[in-house]
Amino acid sequence: MLHCRLCQRIQIEPMIRLRNVDKFFEQGITRTFVLRRVNLDVREGEFVSIMGPSGAGKSTLLHVLGMHDSAWSGEYFLLDQPVHKLGRKERFGLQQQYIGFVFQSYHLLDDLTVYENLDIPLSYRNIPRRQRESIVCDTLDRFQIVGKKDLYPSQLSGGQQQLVAVARAVIASPRLILADEPTGNLHSSQGKEIMELFTRLNQEGTTIVQVTHSEKNASYGSRIVQLSDGWVVSDGSAVAPAATPR
């Protein structure tokens, strides 16, 4: 009976739990809020799109989830780990073990080649060198960037850098992918391929949270969270019409 209750709890407990998360900037006695009392649950295996106007706090929320931003208040649990209580080293460990991140501005390492940029997430997980080589080669082929493997980011177009950034995010098969405008610099056909890739990964069990301005991209997921002025103003199905911020 105890085992059954434990199984039920594991199935019910969200992968991500945010409770009353605030973030603000101070200038003198003035506080400018970017996130306001955000409460959000994401269950393992969900595909969630975060939408809203520019300045709504979308990217900030994604960076809180990705543990790239620690200057906030409230509670954040990832896989039952209390992120808000963890030190920098412990957060980094969680981040490397579970999360793949697609940055809007790529964040590729300029002094490393495409091949080396893809190898980095695998090296953090202590995967043997020969196995890493095989995974990187398969990924280069999957994203049709084999011919770019020895080039540096500065030698790539914006679209090519975005493809490498997406490849780097998924290469280690993370349980959670966080994507900030993942198709923003891609041609429509490339963008469609990336969204279809995300759909396949999600069907295989990967949890995905993306920030997007595109209703078409949002429709690939099952749920849309609308932000306005840092508030969550709507949280529902991707097929429902977008809520009007209040």
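Two strands count as paired if DSSP finds at least two bridges between them, and this tour of a predicted model begins with a strand that has such partners.

Select strand β8, residues 207-211, and look at its surroundings: the strand is mostly covered, with five of its five residues buried. If you then show the side chains, T207, V209 and V211 point one way from β8, while I208 and Q210 point the other way, and all are buried.

Next, add strand β3, residues 47-51, which runs parallel to β8 and is joined to it by four bridges. Which residue of β8 is the bridge partner of V48? Select V209, for that is the residue of β8 with which V48 is partnered.

Now bring in strand β7, residues 176-180, which also runs parallel to β8 and is joined to it by five bridges; here L176 is the residue to pick, standing opposite T207 in β8. With β7 and β8 still displayed, add helix α7, residues 188-203, and you have the three elements of a right-handed β-α-β unit.

For the last stop, move to a pair of helices by selecting α4, residues 114-124, together with α6, residues 158-170, which pack at an angle of about 25 degrees with their axes 8 Å apart. Because angles under 35 degrees count as roughly parallel, α4 is described as roughly parallel to α6. The crossing of these two helices, α4 and α6, is right-handed. To see where they touch, show V114, N117, L118 and P121 on α4 and V164, A167 and R168 on α6, the residues that make the contact.

Technical notes. Residues numbered from 1 in each chain as written. Predicted model: local features only at pLDDT ≥ 70, side-chain atom pairs only at ≥ 80, totals over all residues. Heavy atoms only, no water. Buried < 20%, exposed > 50% of the residue type's maximum accessible area, 1.4 Å probe, protein only. Right-handed = clockwise from strand over helix to strand, strands pointing away. Axes fitted to C-alpha atoms, helices over the stretch in contact; angles between N-to-C directions. Parallel < 35°, antiparallel > 145°, perpendicular 65-115°, else oblique. Left-handed = near helix turned anticlockwise from the far one by under 90°. Contact = heavy atoms within 4.5 Å.
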